[in-house]
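Ready for a few warm-up exercises? Take a look at the chain below, try each task yourself, and then check your steps against the worked solution.

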Amino acid sequence: EACVEHNLKYLVRGSAGTFYSRAEIKDCLCFLKWMYNGRDKSAMARALKTPSRGLGDVSLNEFFTYCEEVARHVATNDPGGPQPTPFDILLSLAKTGQGDDRSYLPPDGIITKRTLNKL
């Protein structure tokens, strides 16, 4: 739809119905949905499991438990402030450089090292 809007040439293999039913298109759309709405747990689960990283229900439950703990921590320390989304929390777990510690609270004891390495 966006290609038509911007007058860009494109080619869809098969019909639009078969195009959107392809796994890679569904995967791409779920990443976009999750980036747009960081609270969309179904899109997040599909995004984290694609490609297969060995993340299962146990790992996702650990992450969701951590998200709930972070939400409690933020609500206690900054009442009325914005609540981080699971997407924000996942990004905070990624150390981007020396001295850059954006983590809301340590994940130790909530998320196993195995799950942290897979995320």
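**Exercise 1. Compare the overall spread of the protein with that of a compact globule.**

Start with the radius of gyration: the protein has 18 Å, while a compact globule of 119 residues would come out near 14 Å. Keep in mind that you're looking at a predicted model. Next, take the extents: along the principal axes, the C-alpha trace spans about 50 × 35 × 30 Å. Then check how much is tucked away: 28% of the 119 residues count as buried. Last, look at the contacts between residues at least 6 apart in sequence: 44% of these join residues at least 24 apart.

**Exercise 2. Work out which elements the protein has, and in what order.**

Count by type first: you should get seven helices and zero strands. Now walk along from the N terminus, and the order reads α-α-α-α-α-α-α.

**Exercise 3. Find the buried residues of helix H4 and say what covers them.**

Helix H4 takes in residues 41-49, and its buried residues are Ala43, Met44, Ala45, Ala47 and Leu48. To count as buried, a residue needs under 20% relative accessible area. Now look at the surroundings of those residues: the cover includes helix H3 (23-36), helix H5 (57-77) and helix H6 (86-93).

**Exercise 4. Describe how H3 and H4 pack.**

Step one is the geometry: the two axes come within 8 Å and cross at roughly 125°. That angle makes H3 oblique to H4. Step two is the handedness, and the crossing of H3 and H4 is left-handed. Step three is the list of partners: H3 brings Ala23, Lys26, Asp27, Cys30, Phe31, Lys33 and Trp34, while H4 brings Ala43, Met44, Arg46, Ala47 and Leu48. Sort these by class and the contact of H3 with H4 has eight nonpolar, no polar and four charged residues.

**Exercise 5. Do the same for H4 and H5.**

Here the axes of H4 and H5 come within 11 Å, and they cross at roughly 130°. H4 and H5 are therefore oblique to each other. As for the hand, H4 passes H5 in a right-handed crossing. On the H4 side you'll find Lys41, Met44, Ala45, Leu48 and Lys49, and they meet Asp57, Leu60, Phe63 and Phe64 in H5. By class, that gives six nonpolar, no polar and three charged residues for the contact of H4 with H5.

**Exercise 6. Now try H5 and H6: which way do they lie, and what kinds of residue meet?**

Begin with the numbers: the axes of H5 and H6 are 10 Å apart, at an angle of about 100°. So H5 is roughly perpendicular to H6; the range for that label is 65 to 115 degrees. The contact draws on Phe63, Tyr66, Cys67 and Val70 from H5, along with Pro86, Ile89, Leu90 and Leu93 from H6. Sorting the contact of H5 with H6 by class gives eight nonpolar, no polar and no charged residues.

**Exercise 7. Place Tyr36 and Asn37, and find out where each one's distant partner sits.**

Tyr36 is in helix H3. Its relative accessible area is 78%, so Tyr36 is exposed. Measure across to Phe87: the pair is 51 residues apart in sequence, with 9.8 Å from C-alpha to C-alpha.

Asn37 belongs to the loop between H3 and H4. With 36% relative accessibility, Asn37 counts as partly exposed. Its partner here is Pro86: 49 residues separate the two along the chain, and 9.7 Å separates their C-alpha atoms.

**Exercise 8. Look at the loop between H1 and H2. What is notable about Asn7, and how far is Lys9 from Leu55?**

First, locate Asn7: you'll find it in the loop between helix H1 (2-5) and helix H2 (16-20). Then check its backbone: phi of Asn7 is near 60°, a positive value in a residue other than glycine. Asn7 counts as exposed, because its relative accessibility is 71%.

Lys9 is in the loop between H1 and H2 too. Its relative accessible area is 86%, so Lys9 is exposed. Finally, the distance: Lys9 and Leu55 are 46 residues apart in sequence, and their C-alpha atoms are 38 Å apart in space.

Methods. Residues are numbered from 1 along each chain as its sequence is written. This is a predicted model: local features need pLDDT of at least 70, side-chain atom pairs count only at pLDDT 80 or more; totals for chains, interfaces and linings use all residues. Side-chain values use heavy atoms; hydrogens and water are left out. Buried means under 20% relative accessible area, exposed over 50%, partly exposed in between (1.4 Å probe, protein chains only). Helices (H or I, at least four residues) and strands (E, at least two) are DSSP runs, numbered from the N terminus. Contact means heavy atoms within 4.5 Å. Axes are lines fitted to C-alpha atoms, for helices over the stretch in contact, and angles run from 0 to 180 degrees between N-to-C directions. Angles under 35 degrees count as roughly parallel, over 145 as roughly antiparallel, 65 to 115 as roughly perpendicular and the rest as oblique. A crossing is left-handed if the near helix is turned anticlockwise from the far one by less than a right angle, and right-handed if clockwise. Ala, Val, Leu, Ile, Met, Phe, Trp, Tyr, Cys and Pro count as nonpolar, Asp, Glu, Lys and Arg as charged, and the others, Gly among them, as polar. The radius of gyration is taken over C-alpha atoms; the globule rule is 2.2 Å times the number of residues to the power 0.38.
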